[in-house]
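Me: I keep running into labels in structure notes and I'd like to see where they come from. Can we go through some of them together?

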Amino acid sequence: MRGVRDCRTGAAYVFDDDGKFYEIQAAYGYFRGILPMVKDLFLPKGYPNSVTPDYIAYQSWDTIQALCSYLRGVLATRAWFQGIGVGSAKASASAATYNWILKDGCGMIGSLFFASVFGRKFDSNVKSWRLFADMINNVGLFLDMLAPLAGDYFIYVACIATVCKALCGVAAGATKAALTGHFALNNNSADVQAKETSQETFVTLIGLVLGSFLASYTTDSPFQAWGWFLVLTVIHMISNTKGVRCLRIPSLSQTRFRILFDRYIIDKPLLSVEEMSVVEPIFLPLLEGFYKEDIEIGSNFLDCFPHKSEWMRLRAIYKGERYIVKKKSQNMRDKRLTVILLAGASDIDISKSYFNALSLRSQFLPITKLRSPLEFYIKRCKKFTDSKFDDFLEKARGAGWRVDRCVLDAGASRFEDMKD
């Protein structure tokens with residue numbers, strides 16, 4: 001052994017003939033004291049081993065988009081102040097205060113409604129909802145810029161803009177929490193979140209400086225303000241899309257599960273987590289989030305079983321399972337399936353129920369008129385699931401997927417038989 005090297009700073013210490021250590025080199029030269037300090041300030045302790053490999057790529061793109069958002073926020077805020085009459089002798093403080101209270105109230109109500117309706121969906125499609133947060137924020141900022149041109153409708157446009165930005169706050173906050181848990185490898189979620197805050201603060205400081213120059217540069221020219229706003233918006237959306245594409249999330253959402261299932265049933269190799277990040281649709285799950293899915297997991301009991309007879313028949317078919325898969329209605333034009341989860345259903349059980357539902361969907365969705373009773377297809381798909389599901393899980397694990405943690409947007413309802 002020649003000596004010891006500091007893995008963090010790059011400094012090397014060797015010993016002389018008397019066994020005394022002394023420093024002989026520092027990889028960072030004059031900056032060896034500064035660079036570790038910067039690293040400690042903005043990166044989680046133990047980086048890069050304490051976070052996932054996609055962390056730095058995502059944070060780099062996130063920094064660019066955050067700076068663009070701040071600069072556009074400067075332009076939008078100035079436009080809003082112009083709309084309420086700042087600088088005009090006719091403007092009153094009371095009217096400006098009323099407008100401010102009204103728009104903030106609309107934003108709060110909108111965020112409460114949005115969180116109550118879509119809250120459980122954020123975990124299942126983190127990438128899509130992260131992108132949604134920035135898209136709806138773009139709409140809000142655009143309406144802020146447009147509000148001064150709305151004349152008597154100024155306050156209505158401003159309120160809609162505030163609602164859009166409030167929705168952004170809910171979606172961004174929820175997805176940030178999910179991504180923090182994804183990035184943290186050493187039970188260091190708090191440290192990852194703290195460093196995220198430090199990065200945002202630094203970007204804000206840069207934005208303060210650049211924003212002041214941008215505001216003064218575009219003061220006398222609305223066309224320049226709109227030009228810069230549109231350019232920054234384009235950069236913002238490109239950065240967001242690139243950042244989301246960098247994410248390598250190993251949990252199985254409905255979209256990722258379907259892609260793997262479709263490849264499995266035609267004997268194609270399952271995509272790895274990295275390969276999935278390239279081909280996984282980002283906008284489609286977002287659109288699906290605003291209407292009922294064709295497979296609903298964790299459905300309400302009475303919506304599925306109005307009569308005892310069907311419940312008893314399906315309980316017999318799915319004996320020993322913690323789920324039941326059935327058609328939503330008897331109408332053949334209605335292709336929706338529903339999954340009833342029983343008490344004690346684990347993530348593996350939910351994954352199995354979704355595998356079963358996908359196989360059932362592939363059996364009768366192309367059919368307009370059943371040639372056999374529906375229960376025939378249910379039994380056949382149950383048998384297929386029993387024979388293939390474990391093999392599917394094994395191949396998914398081999399491709400790097402965490403099959404023990406599913407984010408399939410399952411409802412909270414669970415049921416069990418009542419004893420006499």
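Me: Where does Pro48 sit, and what kind of peptide bond joins Tyr47 and Pro48?

Reply: Pro48 is in the loop between α1 (34-42) and α2. The bond that joins Tyr47 and Pro48 is cis, with omega at about 10°. Keep in mind that this is a predicted model. As background, most peptide bonds are trans, and most residues other than glycine have a negative phi.

Me: Speaking of phi, what makes Asn187 worth pointing out?

Reply: Asn187 is not a glycine, yet its phi is positive, about 55°. You'll find Asn187 in the loop between α5 (154-183) and α6. Asp409 also has a positive phi, near 60°, and is a residue other than glycine. Asp409 belongs to the segment after β8 (402-407).

Me: How do you know whether Asn187 is buried or exposed?

Reply: Set its number against the cut-off: exposed means over 50% relative accessible area. Asn187 has 82%, so Asn187 is exposed.

Me: And why does Asp409 get the label it gets?

Reply: The cut-off for buried is under 20%. Asp409 has a relative accessibility of 9%, so Asp409 counts as buried.

Me: Which helix holds Asp144, and why is Asp144 called buried?

Reply: Asp144 lies in α4, which covers residues 126-146. Buried means under 20%, and Asp144 is at 4% relative accessibility, so the label fits. Leaving out residues up to four places away in sequence, Asp144 touches Ala76, Ala79, Trp80, Ala161 and Lys165. Another pairing to look at is Asp144 with Leu75: they are 69 residues apart along the chain, while their C-alpha atoms are separated by 8.9 Å.

Me: What about Asn138: which helix is it in, and what does it touch?

Reply: Asn138 lies in α4 too. Its contacts, not counting residues up to four places away in sequence, are Arg72, Thr233, His236 and Met237. Its relative accessibility is 9%, under the 20% limit, so Asn138 counts as buried.

Me: Now the helices. Why are α2 and α6 called oblique to each other?

Reply: Two packed helices are described by the angle between their axes and the distance between the axes. The axes of α2 (residues 55-83) and α6 (residues 189-217) come within 9 Å and cross at roughly 40°. Angles under 35 degrees count as roughly parallel, and roughly perpendicular starts at 65. The value of roughly 40° falls in neither group, so α2 and α6 are oblique to each other. The crossing of α2 past α6 is right-handed.

Me: Which residues of α2 and α6 meet there?

Reply: On the α2 side they include Tyr55, Gln59, Ala66, Leu67, Tyr70 and Arg78. On the α6 side they include Val192, Glu196, Val203, Gly207, Leu210 and Ala215.

Me: On to the strands. What makes the pairing in the sheet β5-β7-β6 mixed?

Reply: Strands of a sheet pair through backbone hydrogen bonds, either parallel or antiparallel. This open sheet has three strands in the order β5-β7-β6. The edge strands are β5 (295-297) and β6, each pairing on one side only. From one strand to the next, the twist averages 15°. β5 and β7 pair in the parallel sense over three bridges, with Val339 in β7 as the bridge partner of Ile297. β6 and β7 (residues 337-341) run antiparallel and are joined by five bridges, and Tyr323 has Leu341 in β7 as its bridge partner. One parallel pairing and one antiparallel pairing give you the word "mixed".

Me: How do you know that β6 is mostly covered?

Reply: Five of the five residues in β6 (residues 323-327) are buried. Both faces of β6 are covered: Tyr323, Val325 and Lys327 are buried on one side, and Ile324 and Lys326 on the other.

Me: And the whole chain: how many helices and strands does it have, and what share of its residues is buried?

Reply: The protein chain has 14 helices and eight strands. Buried residues make up 44% of its 420 residues. The chain exposes about 22,700 Å², with carbon and sulfur atoms supplying 61% of that area. Among contacts between residues at least 6 apart in sequence, 71% join residues at least 24 apart.

Definitions and conventions
Residues numbered from 1 in each chain as written. Predicted model: local features only at pLDDT ≥ 70, side-chain atom pairs only at ≥ 80, totals over all residues. Heavy atoms only, no water. Helix = DSSP H or I, 4+ residues; strand = E, 2+ residues; numbered from the N terminus. Buried < 20%, exposed > 50% of the residue type's maximum accessible area, 1.4 Å probe, protein only. Contact = heavy atoms within 4.5 Å. Areas by Shrake-Rupley, 256 points an atom, 1.4 Å probe, with all protein chains shown as cover. Pairing = 2+ DSSP bridges. Axes fitted to C-alpha atoms, helices over the stretch in contact; angles between N-to-C directions. Parallel < 35°, antiparallel > 145°, perpendicular 65-115°, else oblique. Left-handed = near helix turned anticlockwise from the far one by under 90°.
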